[in-house]
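Look over the sequence and the fold together. The walk starts with the whole chain, then goes through the helix pairs, then settles on a few single residues.

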Amino acid sequence: MSANGQRGGSMLAQPLTRPSGGRMAAYLGLFLLGAVVGVAGALVQPGWFPLGLLLALAGAAGLFLGGARAMESRAGAVAPAAGWMVAVVLLTASRPEGDFLFGAGVVSYLFLLGGMAVAVMCATLAQGRQPGPSGARLAK
């Protein structure tokens with residue numbers, strides 16, 4: 001028993017547990033939604049420069065931050081960001097016919113690097129799960 005009367009001590013000392021089936025399904029859904037947003041952003045960003053680029057990055061940021069808020073964890077931002085990254089990386093690869101979706105312009109690089117920066121910012125700004133009140137604080 002710890003000093004505050006709880007068994008196990010700090011939340012950091014607790015073993016990792018597997019998420020529930022519903023939570024895993026939600027993460028999978030966020031991953032797939034991230035892939036859809038990545039494909040949509042790749043199609044929109046070169047069409048209406050600069051508003052298309054801003055719209056694509058704002059849509060990605062909304063999904064990443066919304067996922068974090070909905071899941072109440074940073075993993076809620078990481079799951080759609082991973083889907084976005086997979087979709088965008090697959091779209092950058094050229095096909096055997098020589099076709100590709102991204103041009104070699106500055107806008108494409110801004111979309112790629114901006115999307116990665118937005119993903120990192122949203123995952124960093126997301127509130128992780130906070131431990132419950134501790135008995136170690138003195139009451140007034």
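A residue counts as buried when its relative accessible area is under 20%, and as exposed when that area is over 50%. By that cut-off, buried residues make up 28% of the 140 residues in the protein. The model is a predicted one.

Start with the overall plan. The protein has four helices and zero strands. Along the sequence the pattern reads α-α-α-α. Next, take the contacts with a separation of 6 or more. Of these, 73% join residues that lie 24 or more positions apart.

Now the helix pairs. Two packed helices are described by the angle between their axes and the distance between the axes. Begin with H1, which covers residues 21-44. Its partner here is H2, residues 51-71. The axes of H1 and H2 come within 9 Å and cross at roughly 175 degrees. An angle over 145 degrees counts as roughly antiparallel, so H1 is roughly antiparallel to H2. On the H1 side, the contact is made by Arg23, Ala26, Tyr27, Leu30, Leu33, Gly34, Val37, Gly41 and Val44. H2 supplies Gly52, Leu55, Ala56, Gly59, Ala60, Leu63, Gly67 and Met71. By class, this contact has 11 nonpolar, five polar and one charged residues. Glycine is counted among the polar residues in this scheme, and the H1–H2 list includes Gly34, Gly41, Gly52, Gly59 and Gly67.

H2 also packs on H4, which spans residues 106-125. How do these two helices run relative to each other, parallel or antiparallel? Their axes come within 9 Å and cross at roughly 20 degrees. Angles under 35 degrees count as roughly parallel, and H2 and H4 are therefore roughly parallel to each other. The crossing of H2 past H4 is right-handed. From H2, the residues in this contact are Leu53, Ala56, Leu57, Ala60, Ala61, Phe64 and Leu65. From H4 they are Val107, Leu110, Phe111, Gly114, Gly115, Val118, Ala119 and Cys122. The tally by class is 13 nonpolar, two polar and no charged residues. Ala56 and Ala60 of H2 appear in this contact and also in the contact with H1.

The next pair is H3 with H4. H3 covers residues 75-92. The two helices pack at an angle of about 170 degrees, with their axes 10 Å apart. H3 and H4 are therefore roughly antiparallel to each other. In H3, the contacting residues are Ala77, Val78, Ala81, Trp84, Met85, Val88 and Thr92. They meet Phe111, Leu112, Gly115, Met116, Ala119, Cys122 and Ala123 in H4. This contact has 12 nonpolar, two polar and no charged residues. H4 residues Phe111, Gly115, Ala119 and Cys122 take part here, and they are also in the contact with H2.

Follow Ala119 to see H2, H3 and H4 come together. Ala119 lies in helix H4. It is buried, with a relative accessible area of 12%. Which residues does Ala119 touch, leaving out those up to four places away in sequence? They are Phe64 and Ala81. Phe64 belongs to the H2 side of the contact with H4. Ala119 and Phe64 are 55 residues apart in sequence, yet 6.5 Å apart in space, C-alpha to C-alpha.

Ala81 lies in helix H3. It too is buried, at 12% relative accessible area. Outside its neighbours up to four places away, Ala81 touches Phe64 and Ala119. Ala81 and Val120 are 39 residues apart in sequence and 8.6 Å apart in space, C-alpha to C-alpha.

Finish at the loop between H2 and H3. Glu72 lies there. Its phi is near 55 degrees, a positive value in a residue other than glycine. At 56% relative accessibility, Glu72 counts as exposed. Ser73 lies in this loop too. Is Ser73 buried or exposed? Its relative accessible area is 10%, so Ser73 is buried. Its side chain makes a polar contact with the side chain of Tyr27, at 3.1 Å. Leaving aside neighbours within four places in sequence, Ser73 is in contact with Arg23, Tyr27, Ala68, Ala126 and Gln127. Two of these, Arg23 and Tyr27, are among the H1 residues that meet H2.

Terms used
Residues are numbered from 1 along each chain as its sequence is written. This is a predicted model: local features need pLDDT of at least 70, side-chain atom pairs count only at pLDDT 80 or more; totals for chains, interfaces and linings use all residues. Side-chain values use heavy atoms; hydrogens and water are left out. Buried means under 20% relative accessible area, exposed over 50%, partly exposed in between (1.4 Å probe, protein chains only). A polar contact is a pair of N or O atoms within 3.5 Å; within protein, one must be able to donate a hydrogen and the other to accept it, and residues adjacent in sequence count only if both atoms are side-chain atoms. Contact means heavy atoms within 4.5 Å. Axes are lines fitted to C-alpha atoms, for helices over the stretch in contact, and angles run from 0 to 180 degrees between N-to-C directions. Angles under 35 degrees count as roughly parallel, over 145 as roughly antiparallel, 65 to 115 as roughly perpendicular and the rest as oblique. A crossing is left-handed if the near helix is turned anticlockwise from the far one by less than a right angle, and right-handed if clockwise.
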